[in-house]
Every structure is written in structure tokens, then in C-alpha cells.
Amino acid sequence: MSEQIWPEFDPRRFVEGVSNRHHGGLIGLGYVAHGDDWAELSIGYDERLVGAPESGVLASGPILAMMDMATSMAIWVRCRRFRTQATLDLRVDYLRTATPGRSVIGRGECYRLTRSVAFVRGQAHDGDPADPVAHVAGTFMFTDGIK
């Protein structure tokens, strides 16, 4: 059986495709930018995503979901194609709460690939990358080779 030829992964097109469905659509996931081994996404401030209404602070769940997607997409841009994978571990260190009323930007980077595992890191911020909301580090296992 010959290997399937995949088109080069286009992160902007991918995000546009999920912008009105799945959890990416529910949290308002947006494309920001990408490079050879990184991707940046955003979630706009939305009162439906606030954890405690009196605080006005975005809940941690949408930020985690965005960072899971940003780090996944960093893998796909590094591989130059979509690959099925499972999140093995994604550690999130929340450094502070996001500022009420501000969008949050998440940048994921794939810094190492092996045959079956990708290693990622990243950060989320609400306007100043030097003052991050959270750092992430994780591993993903490719599932497209599993029979």
C-alpha cells in the first residue's frame, strides 16, 4: 500500500474550518500567525467564557483548549501536514489570571519530533508576551501509524 499524499497543512484554513463548530467554535478560536514550527491562536473576550461572573476573568478551560490546539497545530506546521495524534501530557502552569475584557493569545511551538512523539511548549498572554498568563509543556503521540 502506498503512502497517502497529504496537502501541506494550512493553519489559517484549518481554524476557519472549525470557527463555527466543535469546541474551537464554541470558544471563538481565531488564527493569529504561524511559522515553520509554531502557531499562534487567540480567543476573544466573551462573557460566556468567564469562570466567575463577578470576576470578569476568562475561565482556565478555554485557555487550556486554545493551548492544546496551538501546540497541536505547531506539530502539524512542523510536519507540513495534518497527522492524527493524542495528547499524552499537557502541563499548564497558570501564572496569573487573564485581564478582564482582553483577548488571550496562545503560541505553541514544536521543538522536537521523533517517529512517534512530538514535544511542545508554549505560552498564553493577554497583550504582553513578557507578562504571560500561562506556560505549557507537553507531549503528543502520533496515532496514524497505529493499526
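The exercises below work through aromatic rings and ring–charge contacts in a predicted model.

Residues are numbered from 1 along each chain as its sequence is written. Local features need pLDDT of at least 70, side-chain atom pairs count only at pLDDT 80 or more, totals for chains, interfaces and linings use all residues, and side-chain values use heavy atoms, with hydrogens and water left out.

**Exercise 1.** Classify the aromatic pair of F9 and F14, and state how far each residue is buried or exposed.

*Solution.* Rings of Phe, Tyr and Trp (its six-membered ring) pair if their centres lie within 6.5 Å, and planes under 30 degrees apart count as stacked, over 60 as edge-to-face and the rest as tilted. The whole structure holds six aromatic pairs. One of them joins F9 and F14, with 5.6 Å between centres and 55 degrees between planes, and is therefore tilted. Buried means under 20% relative accessible area, exposed over 50%, and partly exposed in between (1.4 Å probe, protein chains only). F9, at 11%, is buried, whereas F14, at 24%, is partly exposed.

**Exercise 2.** Describe the pair of F14 and W76, and locate both residues in the helices.

*Solution.* The F14–W76 pair is edge-to-face, at 5.4 Å centre to centre and 65 degrees between the planes. Helices here are DSSP runs (H or I, at least four residues), numbered from the N terminus. F14 lies in helix 1 (residues 11-18) and W76 in helix 3 (residues 60-79), so the pair ties together parts that are 62 residues apart in sequence. W76 is buried, at 6% relative accessible area. F9, F14, W76 and F82 form one aromatic cluster.

How values were computed: Helices (H or I, at least four residues) and strands (E, at least two) are DSSP runs, numbered from the N terminus.
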